[in-house]
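Reader: Could you walk me through the reasoning behind the labels used for this structure? I would like to see how each one is reached.

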Amino acid sequence: MKERAPVVFIVDDDDAVRGSLRLLLKSVGLAATALPTAQEFLDKYDPQQPGCLILDVRMPGMSGMELQQQLNVRGATIPVIFITGHGDIPMAVEAMQQGAFDFLQKPFRDQDLIDRIQRALAKDVTTRTELNERSRLRERLDSLTPREREVLALVTSGKPNKIMAADLGVSQRTVEIHRARVMEKMHASSLAQLVRMVMDLNETATPEG
Amino acid sequence: MPTERKSSQELQALLDAAVDGIVVIDHAGSIQSFNRAAQGLFGYLSEEVVGRNVSVLMTDEDCATHDAHLARYLESRVPHIIGKGREVTARRKDGTVFPASLSVGLVTGENPPRFVGFIHDITAQRQTDTEAHRLQDRLMHVSRLATVGEMASGIAHELNQPLAAIATYAHACDRLLGIPDPEIDEVRVALKQIAEQAVRAGDIIRKLRSLAKTEESQRTAVDVNAVIEELTDLIQSDAKAHGVQYWRELAPNLPKVVLDRSQIQQVVLNLVRNALEALALGQLNTAQILITTRCNRDGDVEIAVRDTGPGVDSVLVHKIFDPFCSTKPTGTGLGLPISRTIVRTHGGALEYQPNIPAGACFIVKLPAIRTDQP
């Protein structure tokens, strides 16, 4: 599947701030979409679109903090860079605690913002790759039969074939066949790799870390 | 005769014991009696002034009116100042003057009549009044500064917006010009924006300064709507900083009101501050402040500041205008009393009523200039 080009979203109610940010991003060749309200961003938000979000903390209607909460509720992974006014530091700290990627105080140096955007976009790519990886793993896991799942659980908990055979009430030979099928279906070339996959999947099982 | 002489001595003793200056004059204004207190007040000995016209005790201005009063009374016998106290400027022997309260009585049963004047030096009282006024002005200024101070975070945020835009536009221009074959039109638009935003920042600072500066009370006939409009940016930024929506509904064609612009603006800002703080206590979903103006049935101009907060507790309603009755942890308890004093010195009234369906509503009533009178 071809990756879509990243877009930097800007949400700020101030026309001049929004306009200047859009022009700055354009000057460094980044695609940008600027919106005046948090609600418009939520309405247009597409989880499949790679990118990052530059968000003003204070806005009438839905504030930047509230938008971040909404995105968290939806399980959105888009990295958020908050831009804050003078004296909004406690708010910025709270935003970071809520999982914001970074924050910048207005007015800021262009390079500081661009560096943060680049890092945010890189983070987004990593997150998306991981998510894709996990969804592939999940698909593979789903293709296992109930018995194969039992074997997977026992193998990755470190049980030798002989014990497994006794636990499951089958021959050691049957265990070996199941085990080979699990390795093949999960695309694992070693026991270590299989253990790693199970750990990754367990992480996704509890997304609110 | 001895009895007559005795009673005359008694009278003089009585007059001399009085605290106030007592001067008796005949119908022509000639001084007939000048008690001890009067001697102390004016610096004349009794024998220096008895027989002279009372005008020696007055400023030239008061002389003319005094003669006119006397002549008018003698002709019409209708008292104008007799029995009533009035404030005059009295002149001492050395030419210096002092403010005095004068009340005039008629010595009845004589023709032509004689008059008795009681003179009370009110210099000290005047000084106290002046001092009280000065303190009141100072208090109003301090409270205005406090209001401005409270708004500072909103203003700082508001100032940051154009500054951030200027910096970012300038950076963008720099980068755009670094590209081979740059789009000059885009750079031009950005430069124009930079200039506009600098003006915007200047406007914000000017508004703040005009609000904070000490100035002599200046009353002029103004359009109340213009007074409210001037505050829009300040209120808007403060409201925004609190996540509150600010609306205004200003009635067109209001009659003008004679007022001190900065004082009335202080009152409005104070009411808005109170509203913002009240809203911070409640649900933020519908946090709104509405300022309306209108001309009421009596022809007075009303400014109403409404909010959708919790409103004033019915237990406190009768106390909110009392000094030091603050419900806020950081409040001085002077905002509303000072506001009411300011509005009253304008001949108006500041009143509270619950807002419908919820919240508080403060109404500033100001007497309008009547157009049906010359």
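Author: Gladly; what follows takes a few labels in turn, for a model that is predicted.

Reader: What makes strand β3 (residues 51–56) of chain A largely enclosed by the rest of the structure?

Author: Burial does. A residue counts as buried if 20 or more other C-beta atoms lie within 10 Å of its own. Six of the six residues of β3(A) are buried, so the strand is largely enclosed. Both faces take part: Gly51(A), Leu53(A) and Leu55(A) point one way, Cys52(A), Ile54(A) and Asp56(A) point the other way, and all are buried. That pattern fits a general rule, that side chains in a regular strand alternate between the two faces of the sheet.

Reader: How do you know that β3(A) pairs with strand β4 (residues 80–84) of chain A?

Author: At least two bridges are needed for a pair, and four join β3(A) to β4(A), which run parallel. Leu53(A), for instance, stands opposite Val80(A). Strand β1 (residues 7–11) of chain A also pairs with β3(A), over five bridges in the parallel sense, and there Ile10(A) stands opposite Ile54(A). In addition, β3(A), helix α3 (residues 64–73) of chain A and β4(A) make a right-handed β-α-β unit.

Reader: Why is helix α6 (residues 146–156) of chain A called roughly perpendicular to helix α8 (residues 172–185) of chain A?

Author: Their axes come within 9 Å and cross at roughly 90°. The label covers angles of 65 to 115 degrees, so α6(A) is roughly perpendicular to α8(A). The residues of this contact divide into five nonpolar, one polar and four charged. On the α6(A) side they are Arg147(A), Glu148(A), Val151(A), Leu152(A) and Val155(A), which meet Val175(A), His178(A), Arg179(A), Arg181(A) and Val182(A) in α8(A).

Reader: What makes strand β5 (residues 114–121) of chain B a partner of strand β4 (residues 97–107) of chain B?

Author: Set the count against the minimum of two bridges: eight join β4(B) to β5(B), and the strands run antiparallel. Ala100(B) has Asp121(B) as its bridge partner. The hairpin of these strands has six residues between them, and Gly109(B) takes a positive phi near 80° there. Strand β1 (residues 21–25) of chain B pairs with β5(B) as well, antiparallel over five bridges, with Gly21(B) opposite Ile119(B).

Reader: And how many residues does each chain bring to the contact between chains A and B?

Author: Chain A brings 19 and chain B brings 24. Helix α1 (residues 15–27) of chain A supplies the largest share of the chain A side, eight residues.

Conventions
Residues numbered from 1 in each chain as written. Chains lettered and ligands numbered in written order. Predicted model: local features only at pLDDT ≥ 70, side-chain atom pairs only at ≥ 80, totals over all residues. Buried ≥ 20, exposed ≤ 12 C-beta atoms within 10 Å, placed from the backbone. Helix = DSSP H or I, 4+ residues; strand = E, 2+ residues; numbered from the N terminus. Right-handed = clockwise from strand over helix to strand, strands pointing away. Axes fitted to C-alpha atoms, helices over the stretch in contact; angles between N-to-C directions. Parallel < 35°, antiparallel > 145°, perpendicular 65-115°, else oblique. Contact = placed C-beta atoms within 7 Å. Nonpolar A, V, L, I, M, F, W, Y, C, P; charged D, E, K, R; others polar.
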